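Colleague: I've got the file open and a list of "why do you call it that" questions. Mind if I go through them with you?

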Amino acid sequence: MKLLDGIKILDLSTGLAPALATKYLAAFGAEVIKVEKPGAGDMTRKWEPLKDGRSLYFNYLNGGKKSVALDIASGVGNAIILELVKKIDVFVESFQPGYMETIGLSYEILQDINPDLIYVQYSTFGDNGPDKNRPGSSLVAQAKSVAMDMTGVIGQEPIKLEPSVGEHYASGNLAAGIMLALINRERHGGGQKLDVSLVDSLFNCIEAAPAAYSTVGEIHTRKGNFDPSCAPYDTFKTKDGFIAIGIATDAQWFKFCDALELKHLKEDSRFQTNEGRVDDYLNKLRPLVEKETMIYTKSEIEEKCRVEGIPCSAVFDISEIMSHPNTKANHFMCELESKQFGQMCVPNLPFELGRSTAEISCDGPELGANTEEVLDGLGYTADAIKEFVENQHC
Amino acid sequence: MKLLEGVKVIDFTHAYAGPYCSLELGDFGAEVIKIERPDTGDQARLWGPFKNCYSAYYSSFNRGKRSLTLNLTSKEGKNIVFDLVRNADIVISNFKSGTLEKYGLGYDELKQVNPEVIFAAINGFGRFGKYAKFAAYDNVIQAMAGIMDMTGFPDKTPTKIGPAIGDSYSGLMLLVGVLLAYYNKLKTGKGQRVDVSMLGSLVSMAEYPVLEYANFAKKISRIGNVNPYYAPGDIYKCADGYIAISVKKEVMWMPFCEALNLTIANDNRFVTNDRRLANVAELKKIIETAIEDKTRREIVDLLTPAGIAAAGVINIAESFEDSQLKARDMVISLKDPGLGPIKLVGNPIKLSKNPPVTNIPSPLLGEHTDEVLRELGYTDAELVDFHSKNIV
């Protein structure tokens, strides 16, 4: 028996964030039925990378889910949704806020039909406020949420966070919010509405910036790769790439000097304390350290620092982290057999439960693969279903 | 009744990753007892900025919790932990792998005291292999996960994402795992362990780069601020800063040009999305020339009616005045016992019946030590003894 066995999710959403949230729940046994537009389907069916015309991306996100093709704005589609709502636990949508009201599928209406329903709404800006219906994008959300202002080099333009960082935070908030609502239903009864936005989710990751500004007027903006409060905590050039080193204490600094045999820096009176090392760091200590790191390869420095217990890592590209022994030892990647693509490698789930097993799949459903089965379950005849398909309701 | 009312959390977390998770549980009504080292407490209490000698960093992530100081190396300290865990639902920590075990407070020991307890932990690089014992900082994790390589401009150095996402994202992933485990406990009565690593969390963000590399040996690396699929989709310099603009669909190109009074709508170099992507640098120059005298606000006001997604890049000071973030309660104000008035980020999980409780400030070090010990049944004489021996 899986953790979420018996939980039914009707997922009308498109894109990354909500699909990833329902993927997490599907991995623990929830039955997820995607509702997709007849003909076109979820937009991620066209997202790269593609193999033989099929999207690996779609299949990564939607493995193990079912698909029903349904025009929810049509009378038929609308009626079918209202019937399905009686039988499900969680309803997920990511339309423009307000759209569901216009087609008679608002939270209030669905809650009347099923008071235990958890209604999940995902949007760029959220379901209230002056920007509620503004056009949005991933980049716009980053601009709006301060996270982008905090990324990049001082005096230069802000830099976009990659890859899809905001959407991943949103998917975590969606999954956590759904679980909170399920827990509440289990403990106290009744459903409710969950409203998660991309902008809120990103804004929530800006660390201590609001506290710093509101207490001492300090503006946490982009500062490059170094930390102004401790040094050297930075990324340095090496012979063959870059290395990130985290030194936060005097003891770590002296050990670092020993590791790279930097007697002159270890004895330099300016750098005996953190206060001294952070003083005009970019002009004083940084060039001296980088001069030394340039002598070695990134893995040579890693080895030398690790022996001394200094936190450090080479800056890896995707191929280096995927093939790293630690990635294998900790199962960060998952090798799967896909019916459509053969052997497939995908990132594993980022959390592991000791007792409750999870299972991920890379075989997403064909568009409408489960339409008949689901409609049959509602009592529709084969003839009726055929007619719905002919009229492009399904 | 609050969502997690009556749920007891014993919180060994410190710094940022673990406290992110227990803060969320507290917001939804769980009773969080934070265990801190006597004398210094959570290391984040030593992290700036400071006001009145109190850390604004610490106070960002410990709202709603009670603070109990405890010396974990003492026999009495350990017994107090066992007393706490006996009635707890969830234990959370983000020590280096093996630290709680070293104190004799690992899952095996705590399970003896309370078989139903959920034991949740964040570590740096994963539990297995030789990296498990290495210390992790956010910049090191971002470097190793490939995130740093993917952020920034191709001709410049890899860039660390400003906020410490290695911490907050692993904290969020632990929250999802803990809530799954707690739901299971409600259903079956059984506890279990939940494990998350900072590195594994950030690696999981790289879904399409993993798919591209595994299948086509294509390495996704940093490309700056442009969008690889459509143009315009970039950050543009204007009179008072930078503005993000996304023209996602072909049909939006004409309205975009009209809104900004650009005469290049039918220019051969830009007439289709493919042409615009091919000439993206020239396009950027033309757009920046057209908007150099306009403010972010003016540009957003021109583009929004045309259906074009645009927003000024705002800093933290400006965000406090942003009407949307205000409407969403994403900036909250409270009175910190050490720092005085303080603003913090609100909770992004908006539940209609169970709004998060965000008005309880962070505790002073050991503020609730005596209170918690009395609740456990310790006498005043025992309390005096614990204090004199520096056990609490």
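Modeller: Sure. Start with B:Arg296, which counts as buried at 13% relative accessibility. Keep in mind that this is a predicted model.

Colleague: What makes 13% relative accessibility enough to count B:Arg296 as buried?

Modeller: Buried means under 20%. B:Arg296 comes in at 13%, so it counts as buried.

Colleague: And why is B:Glu318, with a relative accessible area of 30%, called partly exposed?

Modeller: Exposed would need over 50%, and buried under 20%. B:Glu318 has 30%, so it falls in between and is partly exposed.

Colleague: How do you know that B:Arg296 and B:Glu318 meet in a salt bridge?

Modeller: The cut-off is a nitrogen within 4 Å of a carboxyl oxygen. For B:Arg296 and B:Glu318 the N to O distance is 2.6 Å, so the pair qualifies. B:Arg296 lies in helix H13 (residues 296–303) of chain B and B:Glu318 in helix H14 (residues 316–319) of chain B, so the bridge ties together parts 22 residues apart in sequence.

Colleague: What about B:Asp149 and B:Arg222, what makes them a salt bridge?

Modeller: Again the limit is 4 Å. Their side chains meet at 3.2 Å, N to O, so they pass. This pair links distant parts of the chain: B:Asp149 sits in helix H6 (residues 147–150) of chain B, and B:Arg222 in the loop between helix H9 (207–216) and strand S9 (233–238) of chain B, 73 residues apart. Both B:Asp149 and B:Arg222 are buried.

Colleague: Over in chain A, how do you know that A:Glu373 and A:Lys66 form a salt bridge?

Modeller: Their closest N and O atoms are 2.9 Å apart, and the cut-off is 4 Å, so the name fits. A:Glu373 belongs to helix H17 (residues 371–377) of chain A and A:Lys66 to strand S5 (residues 66–69) of chain A, with their positions 307 residues apart in the chain.

Colleague: Why are A:Glu373 and A:Lys66 called partly exposed?

Modeller: A:Glu373 is at 43% relative accessibility, which is not over 50%, so it counts as partly exposed. A:Lys66 is at 23%, which is not under 20%, so it counts as partly exposed as well.

Colleague: How many salt bridges does the structure hold over all chains?

Modeller: There are 55. Separately, A:Asp131, A:Arg134, A:Lys144 and B:Asp322 are linked in a network of salt bridges.

Colleague: Now strand S6 of chain B. What makes you say that both faces are covered?

Modeller: On one side B:Ile90 and B:Ile92 are buried, and on the other B:Val91 and B:Ser93 are buried.

Colleague: How do you know that strand S1 of chain B pairs with S6(B)?

Modeller: Pairing takes at least two bridges. Strand S1 (residues 8–11) of chain B is joined to S6(B) by 3, so they pair, and they run parallel. B:Asp11 stands opposite B:Ile92 there. S6(B) also has 4 bridges to strand S7 (residues 118–123) of chain B, again running parallel, with B:Val91 opposite B:Phe119.

Colleague: One last residue: why is A:Glu292 called buried?

Modeller: A:Glu292 is at 13% relative accessibility, and the limit is under 20%, so it counts as buried. A:Glu292 is found in helix H13 (residues 285–293) of chain A and touches A:Leu262 and A:His264, leaving aside residues up to four places away in sequence.

Colleague: And what are the confidence scores for the model?

Modeller: ipTM is 0.98 and pTM is 0.98. Chain B averages a pLDDT of 97, with 100% of the residues scoring at least 70.

Technical notes: Residues numbered from 1 in each chain as written. Chains lettered and ligands numbered in written order. Predicted model: local features only at pLDDT ≥ 70, side-chain atom pairs only at ≥ 80, totals over all residues. Heavy atoms only, no water. Helix = DSSP H or I, 4+ residues; strand = E, 2+ residues; numbered from the N terminus. Buried < 20%, exposed > 50% of the residue type's maximum accessible area, 1.4 Å probe, protein only. pLDDT = per-residue confidence, 0-100. Contact = heavy atoms within 4.5 Å.
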